[in-house]
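Colleague: I would like to learn how to read the features of a model such as this one, going from the whole chain down to single side chains. Could we take them in turn, with the general idea before the case?

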Amino acid sequence: MCRGVDAMGSVVLGWIALLCFCGVSFASITYHLREEQPPNTLVGSLASDQGLPDTGHLYKLEVGAPYLRVDGKTGDIYTTEVPIDRETLKDCRNLFEGDPCYLEFEVSITDLMKGSGPRLIEGRIEIQDENDNTPQFPSPILELAIPENTYVGAHYSIPVATDKDAGSNGIADYKLSAGSDAANLFSLQVADNSDEKVPQLIVLGNLDREQRDTYDLSIKVIDGGTPPRYSSALLRITITDTNDNVPKFERSHYEGELAENTPVGQSVLQVKANDDDLGANGQVTYSLHQPPPIVQRLLHIDHNTGIIQVKGAVDREEVSLLKFSVQARDNGPQAKSSKATVTITVKDKNDNAPSIRIRGFGLVAHEDGIANVSEDMPVGTPVALVEVSDRDEGENAVVTCVVAGDVPFQLRSASDTSSKRKYFLQTTTPLDYERIKEYRIEIVAVDSGNPALSSTNSLKVQVTDMNDNAPVFSPSLYEVDFAEENQPGDKVLDVVATDADSGTNAELIYSIITDSATKGLFEINQNTGEIRVMNQLDREYKERYEFHVEAADKGVPSLRGTATVVVRVLDRNDNDPKFMLGGYSFSVLENMPPLSAVGMVTVLDADKGENARVHLSVEPDNGKFVIQNGTGTILSSISFDREKESTYTFRLKAVDGGEPPRSSYVGITINVLDENDNAPYVTKPSNSSYKFLQPLTSPDTRVEKVEAEDIDTGMNAELVFSITGGNPHGLFRISPTDGEITLAKEFTRKHNGLHRLVVKVSDKGKPARHTTALVHIFVNDTISNVTLVESLVGHSLYTPLDMDIAGDPSYERVQRSNILYGSLAGIAGVILVIVVVVVIRHRLQKETKSGYQAGKKETKDLYAPKAGPKSSKGKKGSPDLGRHYRSNSPLPSIQLQPQSPSASKKHQAVQDLPATNTFVGTGDNNSTGSDQYSDYSYKTNPPKYSTKQVGDHFQSMAGYHSTAYHHTNMMWTKGMY
């Protein structure tokens with residue numbers, strides 16, 4: 001027997017055996033089968049006979065080939081094409097009569113559902129003998145010598161026949177056939193000698209060698225089979241001379257021991273037989289009687305001494321027991337013989353090292369000492385069945401088994417018999433092909449002999465790769481810069497994945513996991529991982545592509561690994577700068593200060609970096625405009641004056657920073673918007689002109705039309721006319737839209753004289769600007785003194801605008817005086833009053849006449865200033881207004897009629913004077929402008945007044961008017977009382 005431990009020690013083995021016991025079935029099954037059965041004969045069914053599972057399990061024959069096979073699903077055991085011959089089976093060749101013949105088998109059961117380790121079933125089949133062998137005599141001619149004086153009834157042994165069959169199929173009987181001449185002399189008797197039938201010839205009559213010395217008989221041997229088998233031999237009987245005594249052995253059974261490996265020639269034992277005869281009849285010769293071949297090969301008997309000696313190398317492991325017969329025969333002429341049985345037990349010596357047999361088990365196949373084991377095999381799965389035996393016996397056969405080295409394998413007991421022990425060689429930790437691809441497992445077996453013998457055997461375990469590793473990209477993120485405007489089919493990059501598996505499990509197929517954004521755009525070589533772009537890329541359309549690539553191995557099932565690919569599209573200068581609009585038109589207010597922003601343009605370049613860095617410039621560059629790069633703001637270098645230039649046009653040029661640079665142009669139009677920076681100016685009538693109206697003029701009569709212009713535009717040029725002064729009696733009205741002045745109501749006596757209408761012409765700008773015009777209207781029956789009228793008009797130009805000039809300035813005073821005089825005269829009487837009134841009215845009428853008396857110098861100046869106090873002489877800057885308005889006409893004082901040519905011509909001359917004294921202002925009805933009629937500032941229809949000019953002129957005139965007001969006040973009050 002054999003004791004086994006693994007390299008981890010008996011304690012670990014014990015625990016492992018305990019834990020794994022449920023995975024192993026120790027079962028011994030015995031079937032019976034007659035030999036020589038035809039192929040596919042059912043021997044037994046493990047599933048049905050033993051209650052083992054018949055589904056979801058795999059049955060595999062481990063031991064029993066080539067005679068047996070097993071159904072992998074049901075466990076049914078069948079015979080094969082190789083016949084089972086009991087007589088030729090190795091373990092049945094040296095059996096003794098009655099010993100059973102067994103054919104051993106082993107079957108492993110693997111649970112395919114749970115994936116647990118296989119179980120081992122051991123069994124044996126008792127091979128029952130078939131009568132398939134014919135009994136045979138040692139020779140076809142058997143010779144037997146009988147002395148002539150043999151007494152009737154004597155027995156002579158005939159050489160026995162042999163039959164390879166056993167039991168009832170062995171030798172059952174012998175029969176003798178003799179001719180008529182010998183039938184009365186001989187008969188046959190079959191004796192039972194322990195385990196065999198011995199034929200004996202019986203002498204029935206007296207033999208006479210001199211009459212006949214030989215007889216030929218036929219002997220037939222028959223076995224006990226059905227049908228019986230038999231054979232025959234010629235039995236030749238020779239009649240010899242008399243030999244009375246048979247040699248007798250001292251013992252009928254000799255036993256001895258023989259140590260194996262005993263040297264040749266060594267005596268084992270000695271047999272001895274005695275013969276009471278004398279001489280040659282008493283000399284005994286020894287021989288081995290029909291010895292088995294093994295005895296013939298190993299032993300030799302000395303013919304004279306009966307000493308049995310070693311003839312060949314004795315190996316207990318080959319034969320442990322020698323049982324044979326020896327024959328003692330005398331040397332008489334009719335030799336007599338006898339037999340004895342010899343049994344020699346071969347004693348063991350520790351001359352055999354343990355035997356280690358490693359074979360495949362379960363689903364693990366072995367070929368040429370190599371076991372291929374899948375890396376995903378569960379821990380504890382047997383990879384081999386180790387069968388350890390020692391051909392020695394006793395302590396010499398007690399074997400200790402270990403797994404040498406640091407390997408993830410151990411031995412676990414599978415079965416234990418008296419002759420050999422079986423172990424499962426199983427894994428202790430998971431196997432990993434990628435870490436270790438093969439193991440050399442060395443198993444050491446040591447027996448307990450003295451000295452101990454040992455042996456080793458090894459198994460190469462190749463870990464077969466399972467597809468347990470997915471392909472891996474390194475790196476997992478690929479980033480590549482790729483220039484736009486490529487050619488379709490250009491290479492972008494290579495991606496590489498590795499697979500720690502091997503074989504087809506490591507063969508990779510690359511593919512792109514497409515999406516809508518990259519479908520059909522990129523293509524990958526499925527074998528090399530080379531990625532190419534199939535279309536031309538445009539960075540301006542998309543500058544970054546991200547997609548996933550996949551590497552799939554060819555394992556079953558296939559495993560996959562992915563990586564991310566980022567393609568950054570690099571820019572080329574393939575785009576012109578582009579203005580947002582095809583043309584720009586800006587509107588700006590005039591009078592904006594220089595370097596004011598007049599507009600902003602936006603220019604884009606779809607490129608990137610320096611290719612998109614745009615420089616702007618003005619073309620043609622006349623210095624009027626500049627452009628701010630970076631903001632696109634257009635600045636003016638000038639102040640705009642719409643009245644000088646209302647529209648500017650030029651181009652902007654945009655140039656990018658690419659190589660070569662690209663450019664584009666856009667047209668710019670600057671429209672100068674009007675600002676209310678010009679006051680209206682009156683073109684008609686002039687301030688120094690007047691209009692003559694008779695007192696009887698009917699209402700609604702057109703008197704005059706004020707015509708004015710404004711060089712601004714739009715609302716700034718829309719004019720509104722109004723009378724702001726000189727119309728205290730409401731005699732006149734003016735159309736606010738066209739400036740037409742009409743008579744509002746009839747004149748009365750008090751309305752005769754000069755009327756000065758202060759007309760305000762305002763635009764609709766914000767703030768509004770205005771100018772003031774003077775419209776003179778002389779109301780009288782006739783114009784008798786044009787010079788006087790002109791003097792009155794000229795004098796009104798220097799009269800403050802807030803003082804009304806509206807008819808006879810002394811009319812009211814005269815009325816008050818008349819009342820006073822009337823009151824005083826009332827005392828004197830009505831007549832005196834009438835006279836006084838007539839005289840006064842007559843005098844007043846004379847004073848108010850405007851004509852000259854021919855040849856008479858004027859004696860009274862109605863408009864001469866009244867002498868003031870002496871203190872007033874020292875006022876500086878006060879003009880001599882009385883002298884200024886005094887007529888300087890050298891002509892004699894004559895009365896001019898309206899119809900006279902001179903009067904007409906004179907009037908015409910007055911009308912032809914240039915426009916006079918247009919007063920301008922901004923929102924102030926009392927402000928005045930430049931006096932075009934005065935000597936200080938006289939301009940005819942100026943095209944434009946700047947704000948500064950208007951303001952300065954207002955200031956210069958303000959002081960002058962304040963002085964003029966003092967004198968005119970004196971002038972207009974002269975002669976009032």
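Modeller: We will go from the overall make-up of the chain to its pairs, its single residues and its surface, keeping in mind throughout that this is a predicted model.

Colleague: How many helices and strands does the protein chain have, then?

Modeller: The protein chain has nine helices and 62 strands, and buried residues make up 44% of its 977 residues. Its accessible surface comes to about 49400 Å², of which 51% belongs to carbon and sulfur atoms. Among the contacts with a separation of 6 or more, 70% are accounted for by residues 24 or more positions apart.

Colleague: Let us turn to charged pairs. How many salt bridges does the structure hold, and which parts does the one between glutamate 257 and lysine 347 tie together?

Modeller: A search of the whole structure finds 36 salt bridges. In the one between glutamate 257 and lysine 347, the closest N and O atoms are 3.2 Å apart. Glutamate 257 lies in strand S17 and lysine 347 in strand S24, so the pair ties together parts that are 90 residues apart in sequence. For burial, the general idea is that a residue is buried under 20% relative accessible area and exposed over 50%, with partly exposed in between. Glutamate 257, at 52%, therefore counts as exposed, whereas lysine 347, at 35%, is partly exposed.

Colleague: Is lysine 460 buried or exposed, and what is its salt-bridge partner?

Modeller: Lysine 460 is buried, because its relative accessible area is 19%, and its partner is glutamate 438, with the closest N and O atoms 3.5 Å apart. Glutamate 438, at 41%, is partly exposed. Lysine 460 belongs to strand S33 and glutamate 438 to strand S32, so this salt bridge ties together parts that are 22 residues apart in sequence. Salt bridges can also join into a network, as they do for Glu106, Glu122, Arg357, Arg359, Glu387 and Lys422.

Colleague: How should I read the aromatic pairs, and how many are there?

Modeller: One reads the distance between ring centres together with the angle between planes, where angles under 30 degrees count as stacked, over 60 as edge-to-face and the rest as tilted. The structure holds 17 such pairs. Phenylalanine 361 and phenylalanine 424 form a tilted pair, 4.9 Å centre to centre with 45 degrees between the planes. Phenylalanine 361 lies in the loop between strands S25 and S26, and phenylalanine 424 in strand S31, so the pair ties together parts that are 63 residues apart in sequence. Phenylalanine 361 is buried at 0% relative accessibility, and phenylalanine 424 is buried at 0%.

The rings of phenylalanine 409 and tyrosine 439 have their planes at 75 degrees and their centres 5.5 Å apart, so that pair is edge-to-face. Here phenylalanine 409 lies in strand S30 and tyrosine 439 in strand S32, so parts 30 residues apart in sequence are tied together. Phenylalanine 409 is buried at 4%, and tyrosine 439 is buried at 8%. Elsewhere, Phe625, Phe640, Tyr648 and Phe650 form one aromatic cluster.

Colleague: For a single polar residue, which side chain makes a polar contact with the side chain of asparagine 131?

Modeller: The side chain of aspartate 223 does, at 3.1 Å, while the backbone oxygen of proline 227 lies 3.0 Å from a polar atom of the asparagine 131 side chain. Asparagine 131 sits in the loop between strands S8 and S9, yet it counts as buried at 12% relative accessibility. Aspartate 244, in the loop between strands S15 and S16, is instead exposed at 57%, and its contacts beyond four places in sequence are Asn149, Asp277 and Lys336.

Colleague: Where do the helices fit in, and how many residues of helix H4 are buried?

Modeller: Helix H4, residues 786–796, is mostly covered, with nine of its 11 residues buried. At its start, a side-chain oxygen of asparagine 785 reaches to within 3.2 Å of the backbone nitrogen of threonine 787. As for the surface, a nonpolar patch of about 670 Å² is made by Val830, Ile831, Leu832, Ile834, Val835, Val838 and Val839, and isoleucine 834 lies in helix H6, residues 830–848.

Conventions
Residues are numbered from 1 along each chain as its sequence is written. This is a predicted model: local features need pLDDT of at least 70, side-chain atom pairs count only at pLDDT 80 or more; totals for chains, interfaces and linings use all residues. Side-chain values use heavy atoms; hydrogens and water are left out. Patches are made of residues with over 30% relative accessible area and no salt bridge: like charges are joined within 9 Å, nonpolar side chains (Val, Leu, Ile, Met, Phe, Trp, Tyr) within 5 Å. Accessible areas come from the Shrake-Rupley method with a 1.4 Å probe; for residues, only the protein chains shown count as cover. A salt bridge is a side-chain nitrogen of Lys or Arg within 4 Å of a carboxyl oxygen of Asp or Glu. Helices (H or I, at least four residues) and strands (E, at least two) are DSSP runs, numbered from the N terminus. Buried means under 20% relative accessible area, exposed over 50%, partly exposed in between (1.4 Å probe, protein chains only). A polar contact is a pair of N or O atoms within 3.5 Å; within protein, one must be able to donate a hydrogen and the other to accept it, and residues adjacent in sequence count only if both atoms are side-chain atoms. Contact means heavy atoms within 4.5 Å. Rings of Phe, Tyr and Trp (its six-membered ring) pair if their centres lie within 6.5 Å; planes under 30 degrees apart count as stacked, over 60 as edge-to-face and the rest as tilted.
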